[in-house]
Amino acid sequence: MLIRRAKIQDLDGMVELINEYAQQGLMLSRSKLSLCETLSCFSVVVDNKGEVTPPGSVVGVGGVHILWEDLAEIRSLAISDKTRGKGLGKLLVQHLVEEAEEMGIKRVMALTYQTHFFEKCGFSVVSKESLPHKVWKDCINCSKFPACDEIAVIKELSPV
Ligand SMILES: CC(C)(COP(=O)(O)OP(=O)(O)OC[C@H]1O[C@@H](n2cnc3c(N)ncnc32)[C@H](O)[C@@H]1OP(=O)(O)O)[C@@H](O)C(=O)NCCC(=O)NCCS
């Protein structure tokens, strides 16, 4: 399995993976257009050797979006159910965290139902009220607004 920056050729696989889980209510849906517009924020896990899917298939996706000069958010994180529970989610989060560190970001957060997974990745649960208003900028467009039941997690980074 290979973790790398997302390419245009990955878009359909990314949309499929995210929206399959969105239909189950596990995460927010994303249109192909919105993923296309923010593609440079995204990384993917690719089954480059065809271990469990046809070679080159996208089996994981996740993005790191800068919210403010000291804060980024991990968004649209998903690992295919064919490859879940093998450590790929943790590796992808580490990859996204390293990207944020390389950009000089001091903290990275996520809004999630998967708090135990994020705790395994070194994040801690925090109250949503402790996060800056900037975090909620896009919430107006979300189907869950204004009754968001996701939990906020955050990790302090060591920017390089
Ligand atoms: C959440 C998700 C990304 C985790 O990816 P994964 O590849 O299955 O997770 P990993 O195998 O890397 O697990 C890393 C650690 O977290 C633990 N973990 C993973 N999912 C967990 C869960 N739901 N509850 C508790 N612990 C969990 C694993 O046991 C593992 O622990 P270890 O380091 O002690 O071995 C994946 O299950 C997924 O895509 N879920 C559906 C979509 C979703 O909910 N996305 C999150 C949106 S923010």
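Ala, Val, Leu, Ile, Met, Phe, Trp, Tyr, Cys and Pro count here as nonpolar, Asp, Glu, Lys and Arg as charged, and the others, Gly among them, as polar. Keep these three classes in mind. They sort the residues of two pockets and of the shell around a ligand. The structure itself is a predicted model.

**The largest pocket**

Start with the space. The largest pocket holds about 1,400 Å³. It is lined by 47 residues, and Met27, Leu28, Arg75, Ser76 and Leu111 are the closest to its centre. Several elements build this lining. Strand E3 (57-68), E4, H3, E5 and H4 each supply at least two residues. E4 has the largest share, with 7 residues. Sorted by class, the lining has 23 nonpolar, 13 polar and 11 charged residues.

**The ligand**

Where does the ligand sit? It sits in the largest pocket. Around the ligand are 20 residues, and Leu77, Ile79, Gly87, Gly89 and Gln114 come nearest. Their classes split into 10 nonpolar, 6 polar and 4 charged.

Four elements each give at least two residues to this shell: strand E4 (71-79), helix H3 (88-102), strand E5 (107-112) and helix H4 (115-120). Which element gives the most to the shell? H4 does, with 4 residues. In the lining of the largest pocket, by contrast, the largest share comes from E4.

Three polar pairs link protein and ligand atoms. In the case of leucine 77, a polar backbone atom is 2.8 Å from a nitrogen atom of the ligand. Glycine 87 also uses its backbone: an N or O atom there lies 2.7 Å from an oxygen atom of the ligand. Glutamine 114 uses its side chain, where an N or O atom is 2.8 Å from a nitrogen atom of the ligand. How much of the ligand does the protein bury? Taken alone, the ligand exposes 920 Å², and the protein buries 74% of that.

**The second largest pocket**

Now move to the second largest pocket. Its space is about 290 Å³. Of its 16 lining residues, Gly13, Glu16, Ser57, Val58 and Lys82 are the closest to the centre. Helix H1 (11-23) and E3 are the elements that give two or more residues to this lining. H1 gives the most, with 5 residues. The opening definition now pays off: this lining divides into 5 nonpolar, 6 polar and 5 charged residues.

**Classes side by side**

| Group | Nonpolar | Polar | Charged |
|---|---|---|---|
| Shell around the ligand | 10 residues | 6 residues | 4 residues |
| Lining of the largest pocket | 23 residues | 13 residues | 11 residues |
| Lining of the second largest pocket | 5 residues | 6 residues | 5 residues |

How values were computed: Residues numbered from 1 in each chain as written. Predicted model: local features only at pLDDT ≥ 70, side-chain atom pairs only at ≥ 80, totals over all residues. Heavy atoms only, no water. Near = heavy atom within 4 Å. Polar contact = N/O pair within 3.5 Å; in protein donor to acceptor, adjacent residues only side chain to side chain. Areas by Shrake-Rupley, 256 points an atom, 1.4 Å probe, with all protein chains shown as cover. 1 Å grid on protein atoms, 1.4 Å probe; cavity = no way out; pocket = protein on both sides within 12 Å on 5 of 7 lines; lining within 4 Å. Sits in = over half its atoms within 2 Å of the grid points. Points joined across faces, edges and corners; volume = space filled by probe spheres on them.
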